[in-house]
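Reader: I am new to this structure and would like a close look at the part where its aromatic rings come together. Please begin with how the helices are named and with one helix as an example.

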Amino acid sequence: MVLTYEQVRAYELPATEGKRGDPRWPAFARRYGFAPRRPVQWEVEALEPAELRRLVLAAVDPYVDRDVLARQIAREEEQRRALAAFLDGWDAAGGGVHS
């Protein structure tokens with residue numbers, strides 16, 4: 001995930017030294033008033049986990065096909081039930097007993 005500069009400012013994220021030689025840096029530096037020879041960067045991991053999760057979900061939400069998602073969730077639930085039934089049978093047959 002990439003943060004926008006507006007998000008960096010809104011969340012007041014700390015800057016760290018950027019990667020020297022990044023060909024994108026000079027244009028970014030000019031656009032936002034940074035020193036072209038002193039690259040900086042911000043780490044998305046500096047966000048609180050709950051906020052990072054919210055941002056990611058909001059970013060992908062427009063691209064989620066709800067019908068496909070519903071079918072996948074139903075398929076996974078069926079697989080969980082089948083696995084639970086298998087394990088119940090396995091335990092009843094003594095397969096889960098350790099000696």
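Author: Helices here are DSSP runs of H or I with at least four residues, and they are numbered from the N terminus. The model is predicted, and its helix α4, residues 66-92, serves as the example. With 27 residues at 1.5 Å a residue, α4 should span 39 Å, and because its end C-alpha atoms are 39 Å apart, the expectation agrees with the model. At the N-terminal end of α4, D65 acts as a cap, with a side-chain oxygen 3.0 Å from the backbone nitrogen of D67, while after the helix comes G94, whose phi is positive, near 90 degrees.

The rings you asked about belong to one aromatic cluster, formed by Y5, W25, F28, Y32, F34 and W42, in a structure that holds 11 aromatic pairs. One of these pairs joins Y5 and F28 edge-to-face, at 5.9 Å centre to centre and with 85 degrees between the planes. This pair links distant parts of the chain, since Y5 lies in helix α1 (residues 5-11) and F28 in helix α2 (residues 25-32), 23 residues apart. Y5 counts as buried because its relative accessibility is 17%, whereas F28, with a relative accessible area of 25%, is partly exposed. Y5 also pairs with F34: their ring centres are 5.6 Å apart and their planes stand at 85 degrees, so this pair is edge-to-face. Here too distant parts of the chain are linked, from Y5 in α1 to F34 in the loop between α2 and β2, 29 residues apart, and F34 counts as partly exposed at 23% relative accessibility.

Conventions:
Residues numbered from 1 in each chain as written. Predicted model: local features only at pLDDT ≥ 70, side-chain atom pairs only at ≥ 80, totals over all residues. Heavy atoms only, no water. Helix = DSSP H or I, 4+ residues; strand = E, 2+ residues; numbered from the N terminus. Expected span 1.5 Å × (residues − 1). Polar contact = N/O pair within 3.5 Å; in protein donor to acceptor, adjacent residues only side chain to side chain. Phe/Tyr/Trp six-rings, centres within 6.5 Å; stacked < 30°, edge-to-face > 60°. Buried < 20%, exposed > 50% of the residue type's maximum accessible area, 1.4 Å probe, protein only.
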